[in-house]
Amino acid sequence: MPTAQGGTLYRGREGMWSWVAHRVTGFAIFFFLLVHVTDTALVRVSPEAYNAVIGTYQTPIMGLGEVGLVAAIVFHAFNGIRIMLVDFLANGPRYQRVMLWIVLGLFVVTMAGFLPRHLMNVFGGH
Amino acid sequence: MSGATHGTPAVAERVGTLDAPRSPYVRKRTTRGNYELYSWVFMRASGVVLVVLVFGHLFVNLMVGEGVKAIDFAFVGGKWSSPFWQIWDLLMLWLAMIHGTNGLRTIINDYAERDVTRGVLKGLLYLAFTIVVVLGTLVIFTFEPCPVGADPELLASFCTA
């Protein structure tokens, strides 16, 4: 594998950093998935075992973790659609940069819809 | 061999010999197949479906009602007593695991430079894939929403009805 002295940097800017973010969020989501399937499998052990473990997801700290998880998923989903548009539209590559800003706009809108509701559920007086 | 059966001059395929003058160019067949192309297509096809499946999953489990606070054994029992959610979750499990495993395979290929490191990491990855997919599939299809002898307080309402 070729290596360069002093490391390598791709061309930077929106194209590279969206690629980095896609990779990092995908990596994180995959490991959550491994944990999530395993914790859900506890329904085969007993109702008590499942409730005990899922109860730890309902604490404030994990509630903030879920914010991070949803943020990672929402970015990965919207940026994934952008990648497909870049690949399949004739003019896709020309608009990759503006499409990233659309992705980030949709990300903000989606999180603005999710956050108040979720934080009220986690931190509200139940 | 293959060259002769495809009607191209066998002599051009033999290693260490010169092509006959003005013989047509015969492109060497790759021995790798189109695996990476199919993997590229799969990432996009599964990605589109996963956007719908995962967003639906997150909406129903985190946004409706009391969100994450409402999730317990009875909640899962209520969902998986319906074939609709069983198929939904099964599809999501398989697509997400293949999509994610293929993504991690790419990451490992990019960054693990030594053959042994790459082999070990991918071995672990495929082991994790197999365990999680088999476990998840079994759970979805062998799940009992109203286990005998369980505390009725912890079960879905239809168990005691």
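Begin by selecting residues 98-116 of chain A, in what is a predicted model, and you will see a span that is 100% helix and 0% strand, with its end C-alpha atoms 28 Å apart. This span is one of those that UniProt, in an unreviewed entry, lists for chain A as "transmembrane region", the others being residues 20-37 and 57-78. If you move the selection to residues 20-37 of chain A, the span is again 100% helix and 0% strand, and here the end C-alpha atoms lie 26 Å apart.

Now widen the view to the whole of chain A, which has four helices and zero strands and which, read along the sequence, follows the pattern α-α-α-α. Its radius of gyration is 19 Å, well over the 14 Å that the globule rule gives for 126 residues, so chain A is more spread out than a compact globule. Along the principal axes, the C-alpha atoms of this chain fill a box of roughly 55 × 40 × 30 Å. Of the 126 residues in chain A, 22% are buried, and among its contacts between residues at least 6 apart in sequence, 67% join residues at least 24 apart.

Next, show both chains together and colour the places where they meet, where 35 residues of chain B are in contact with 34 residues of chain A. On the chain B side, the elements that each give two or more residues are helix H3 (35-63), helix H4 (73-80), helix H5 (83-111) and helix H6 (115-142). H3(B) provides the largest share of that side, with eight residues, and the residues of the side as a whole divide into 23 nonpolar, six polar and six charged.

Turn then to chain B, for which the unreviewed UniProt entry gives "transmembrane region" at residues 37-64, 84-104 and 124-143. Selecting residues 37-64 of chain B shows a stretch that is 96% helix and 0% strand, with end C-alpha atoms 39 Å apart, whereas residues 124-143 of chain B are 95% helix and 0% strand, with end C-alpha atoms 28 Å apart.

Select H5(B) next, a helix of 29 residues that reaches 42 Å from its first C-alpha to its last, close to the 42 Å expected at 1.5 Å a residue. Its buried residues include B:Asp89, B:Met92, B:Leu93, B:Ala96 and B:Met97, and further along B:His99, B:Gly100, B:Thr101 and B:Leu104. If you display the surroundings of these residues, what covers them includes H1 of chain A together with H3 and H6 of chain B.

From there, move to H6(B), whose 28 residues should span 40 Å at 1.5 Å a residue, which agrees with the 40 Å between its end C-alpha atoms. The buried residues of H6(B) are B:Val132, B:Gly136 and B:Val139. An α-helix has 3.6 residues a turn, so residues three or four places apart point the same way. What covers the buried residues of H6(B) includes helix H1 (13-40) of chain A together with H5 of chain B.

Finish by centring on B:Val132, which lies in helix H6 of chain B. Why does B:Val132 count as buried? There are 22 other C-beta atoms within 10 Å of B:Val132, and the cut-off for a buried residue is 20 or more. Leaving aside its neighbours within four places in sequence, B:Val132 is in contact with A:Leu34, A:Val37 and B:Met97. As a last step, add B:Leu93 to the selection, since B:Val132 and B:Leu93 are 39 residues apart in sequence and 8.9 Å apart in space, C-alpha to C-alpha.

Methods
Residues are numbered from 1 along each chain as its sequence is written. Chains are lettered from A and ligands numbered from 1 in the order in which they are written. This is a predicted model: local features need pLDDT of at least 70, side-chain atom pairs count only at pLDDT 80 or more; totals for chains, interfaces and linings use all residues. Two residues are in contact if their C-beta atoms, placed from the backbone, lie within 7 Å. Ala, Val, Leu, Ile, Met, Phe, Trp, Tyr, Cys and Pro count as nonpolar, Asp, Glu, Lys and Arg as charged, and the others, Gly among them, as polar. UniProt positions are given in the numbering used here, feature names are shortened, and annotations may be inferred rather than shown by experiment. The expected span of a helix is 1.5 Å times one less than its number of residues. A residue is buried if 20 or more other C-beta atoms lie within 10 Å of its own, exposed if 12 or fewer, and partly exposed in between; C-beta atoms are placed from the backbone. The radius of gyration is taken over C-alpha atoms; the globule rule is 2.2 Å times the number of residues to the power 0.38.
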